[in-house]
Amino acid sequence: MFAFRADVTQILSVNTNLVNEGAINSYKDLLDPKWRSKIVMYDPSIPGTGQYAFRVVGGALMGFDFWRQLVKNDLIVTRDRNLLSISLANGKYAISIGCDNRLTREYINKGAPLKLLNPHEGGYLTSGVGNLWIFKEVPSTNVQKVFLNWFLSKEGQTLYSKVAGEQSARIDVPTEHLDPGIIRTEGGNIFNTFSEEWLIEKYESDMKMLQEIFGPLLK
């Protein structure tokens, strides 16, 4: 497997009609009682953005006690990505955690009062769906090699980045066409989820913590 995408994922999305500019500067701001029953999260018990949010915020940025406190603030959990964005856009909820960034941007482009953001503690770097897989049992071909060599070149990755709206892992690919919020910057407080330690070694302990904190909520 080869990861060719590497952009910043914004963990939070807010309804700008309900959340004033600058109201959410820290993840701790989500614990304010005024947001009780107004925060919806993509289910962290299944692989995806909700689980990444749980692991990154809890394990790397804030500590898992943050989640224990947030659950007590009547956090809502859903497995429907589209419903999460719709309910946020229509004002049923004020804040979402682990939203689908691409889907949220589609709603923003259609005029929905939404904004993606990462509090000052940071977000995370991911490859998302930007991965190539080579299967062992399939014979390698020249066509395969030609395509992969082109696709991973500056030319191929520039085209991909412009079409997908995502940042390439290549550092020589232009980023002027991208949302500034997803662009990697030096010195930014962005957690790298590519490490083997985080992906594999810490997974089991994080899942035990997830069950401890979210288990009663997900029953």
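This note comments on the nonpolar cores, a surface patch and one buried residue of the structure.

1. The model is predicted, so local features need pLDDT of at least 70 and side-chain atom pairs count only at pLDDT 80 or more, while totals for chains, interfaces and linings use all residues. Residues are numbered from 1 along each chain as its sequence is written, and side-chain values use heavy atoms, leaving out hydrogens and water.

2. The largest nonpolar core (buried Ala, Val, Leu, Ile, Met, Phe, Trp, Tyr and Cys residues joined through side-chain atoms within 4.5 Å; buried means under 20% relative accessible area with a 1.4 Å probe, protein chains only) holds 30 residues. Those with the most contacts inside this core are L30, W67, I95, I97 and F214. Among the elements giving two or more residues to the core are α1 (49–62), α2 (65–71) and α8 (203–218); helices are DSSP runs of H or I, at least four residues, and strands are runs of E, at least two.

3. W67 is in contact (heavy atoms within 4.5 Å) with M41, A53, F54, V57, G58, I97, I213 and F214, leaving out residues up to four places away in sequence. Another core, of 12 residues, lies apart from the largest one and includes V40, Y42, C99 and L103.

4. V138 lies in the loop between β9 (131–132) and α5 (142–151). V138 counts as partly exposed (from 20% to 50%) because its relative accessibility is 48%.

5. T9 belongs to strand β2 (residues 7–9) and is buried, at 8% relative accessible area. Beyond its neighbours within four places in sequence, T9 touches N101, N118, G123, Y124 and T126.
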